[in-house]
Amino acid sequence: MSSSKSKDLTQGNPLKLLSAFVLPMLIGNIVQQLYSMADSIIIGRFVGKGPFAAIGATMPVLSVMIVVIIGFTMGIAITTARSVGAGDTERVRNIVGSAFLIAVTLALALMVFGISFAEPVLKLLKTPADILKDARTYLVYNFATCIGPIAYNMFSNILRSAGDSRTPLNALIISSVLNILLDLLFVLAFHWDVAGVALATGISQIVSAVYCILVIRNKNEQYWCRRVNVRFHGRIILDILKYGMPVAASNLFTSLGAVFIQSLINGYGTTVVAGYTAANKLDQLALSSVLSVGNAASTFAGQNTGAGKLHRVREGVRSAWTIGIVVSVVFGLALYFGGSYLVRLFISGDETETINVAVTFFKTVAPFYLLSCGMQIYLNTMRGMGEVVIPMAGSLTELVSKIAAAFLLSRAFRYQTLWFAWPVGWLVAFLVLTVYYYMFLWKKYKGFEG
């Protein structure tokens, strides 16, 4: 892609390549989380604790929508990276054409599901009655505008898989600025409250998706689809499902686990829900940054596997660890020591009990971000190589361990010990993936390394 800022990850020093590639992804993930946090800051500071808690109560349900989207986009990303590495330009055009149709079909399905079942699902989660109406409103608006995140994730991942991590960052910056402006307009001027922040997010994500599509069309002409490419290509759909559905399935189970854990948290009342919601916003900022390291490792592995350079995949893992250690330590220290101050972005300083809930979460979870990072590096590297079963097993292992720990700890102790479920899940999955990667994976590829 000479006309774009894409990178060939099959040649050159892996650490330098990954560092340059992951930096825009890190910034992009931070920007994305910041504009999500802007919604919560405006609601929490200018509307109240109840609507703020209502948004938090919807997060497990929205995460189900997100993981379905991520499943398809991961399938598209891996398929694209392998095709780029193999130099198959026509196949990439077919992937882009298929992505348009997948985005529309998936959006319609999620809209119908989300709008129809929002309230029953929230009641099933034991959402407190005083925040149920706001929570339902927030969910309905998010599902109604889901074409935005679907299209953005698909086309930004196509760009990243081709080596362009800057365009998705630019799209996020544009989207973030627009989102904040619309938040202020819809909430402070129009008084639309939770509906306003949901609508602002939806509009902003649609704009970011359009931006990515235009960049592919105007600056990456060799990958832009023609009319003949815009159809469901059977082999490509099968590859997307092959690589993406295990991701979607494992992430879906993980999100259902989060739904179960959220129901445990909801049982402690609005104050604990609000404290966890505030902590979760900052926790997601850290985890999305860790995930960006894993996603970079996936693209690196995908391109080099497609090019037949398997020896570089192992070099990429070592380089990803170097970057991941820095990212994990920085965010871990920031939230462990500064969480009590950062959480005041969302909650008034007078809400001392709510702040204490969030601080307890940080003190328990933040020291273990490196485990999560290691898990993501091995998980996504194997996905990039085309491995299906073991990454799915690793994700399910994390889920089962986390749910079991959460259930036992919530029964035996107070909510404070519930937070240990997070590091327990990461540790067990990390051990499973590490053992497979070093003891079994490379035996399959012996004699095929270029």
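User: Which helix holds Asp193, and how should its backbone be read?

Analyst: The general idea comes first. Most residues other than glycine have a negative phi. In this predicted model, Asp193 lies in helix α7. Although Asp193 is not a glycine, its phi is positive, at about 55 degrees. Asp193 counts as partly exposed, because its relative accessibility is 30%.

User: Where does His191 lie, and what is its phi?

Analyst: His191 is found in the loop between α6 (166-189) and α7 (193-219). His191 is not a glycine either, yet its phi is positive, at about 60 degrees. With a relative accessibility of 57%, His191 counts as exposed.

User: I should like to turn to charged pairs. How many salt bridges does the count give?

Analyst: The count comes to 6 salt bridges. Each is best read by asking which atoms approach each other, where the partners sit in the chain, and how accessible they are. Glu119 is a useful starting point, since its relative accessibility of 29% places it among the partly exposed residues.

User: What distance separates the closest N and O atoms of Glu119 and Lys123, and where do these residues lie?

Analyst: The closest N and O atoms of this salt bridge are 3.2 Å apart. Both Glu119 and Lys123 belong to helix α3, with their positions 4 residues apart, about one turn of the helix. Lys123 is exposed, because its relative accessible area is 51% and the cut-off for exposed is over 50%.

User: Which residue forms a salt bridge with Glu119 from helix α4?

Analyst: That residue is Arg136, whose salt bridge with Glu119 has its closest N and O atoms 3.5 Å apart. This pair links distant parts of the chain: Arg136 is in helix α4 (residues 132-144) and Glu119 in helix α3, 17 residues apart. Arg136 has 33% relative accessibility and therefore counts as partly exposed.

User: Are Arg235 and Asp239 buried or exposed?

Analyst: Arg235 is exposed, with a relative accessible area of 54%, whereas Asp239 counts as buried at 8% relative accessibility. The two form a salt bridge in which the closest N and O atoms are 3.0 Å apart. Both partners lie in helix α8, 4 residues apart, about one turn of the helix.

User: Which residues are linked in a network of salt bridges?

Analyst: Glu90, Arg93 and Arg226 are linked in such a network.

User: How should one read the nonpolar core, and how many residues does the largest one have?

Analyst: In soluble globular proteins, nonpolar side chains tend to be buried together. Here the largest nonpolar core has 130 residues, and those with the most contacts inside it are Ile150, Met154, Phe155, Tyr369, Trp419 and Trp422. Helix α9 (residues 270-306) gives the most to this core, contributing 16 residues.

User: Which residues does Tyr369 touch?

Analyst: Leaving aside residues up to four places away in sequence, Tyr369 touches Asp283, Ala286, Leu287, Val290, Ser328, Phe331, Gly332, Leu335 and Trp426.

User: Empty space remains to be considered. What is the volume of the largest pocket, and which residues line it?

Analyst: The volume of the largest pocket is about 180 Å³. Its lining consists of Val61, Val64, Phe113, Val121, Leu124, Leu125, Phe143, Leu256, Val259 and Ser263. The elements giving two or more residues to this lining are α2 (49-85), α3 (89-124) and α8 (234-266). By class, the lining of the largest pocket has 9 nonpolar residues, 1 polar and no charged.

User: How many cavities of 30 Å³ or more are counted, and how much space lies in the second largest?

Analyst: There are 3 cavities of 30 Å³ or more, and the second largest holds about 80 Å³ of space. Residues lining the second largest cavity include Met25, Met74, Asn157, Arg160, Asn295 and Thr299.

User: Which elements supply the lining of the second largest cavity, and how does that lining divide by class?

Analyst: At least two lining residues come from each of α2, α5 (147-161) and α9. Helix α2 provides the largest share, 4 residues. The lining of the second largest cavity divides into 5 nonpolar, 5 polar and 1 charged residues.

Technical notes:
Residues are numbered from 1 along each chain as its sequence is written. This is a predicted model: local features need pLDDT of at least 70, side-chain atom pairs count only at pLDDT 80 or more; totals for chains, interfaces and linings use all residues. Side-chain values use heavy atoms; hydrogens and water are left out. A nonpolar core is a set of buried Ala, Val, Leu, Ile, Met, Phe, Trp, Tyr and Cys residues joined through side-chain atoms within 4.5 Å. Buried means under 20% relative accessible area, exposed over 50%, partly exposed in between (1.4 Å probe, protein chains only). Contact means heavy atoms within 4.5 Å. On a 1 Å grid over the protein atoms alone, a cavity is a set of points where a 1.4 Å probe fits but cannot get out, and a pocket is an open set with protein on both sides within 12 Å along at least five of seven lines; lining residues have an atom within 4 Å of a point. Grid points are joined across faces, edges and corners, and a volume is the space filled by probe spheres set on the points. Ala, Val, Leu, Ile, Met, Phe, Trp, Tyr, Cys and Pro count as nonpolar, Asp, Glu, Lys and Arg as charged, and the others, Gly among them, as polar. A salt bridge is a side-chain nitrogen of Lys or Arg within 4 Å of a carboxyl oxygen of Asp or Glu.
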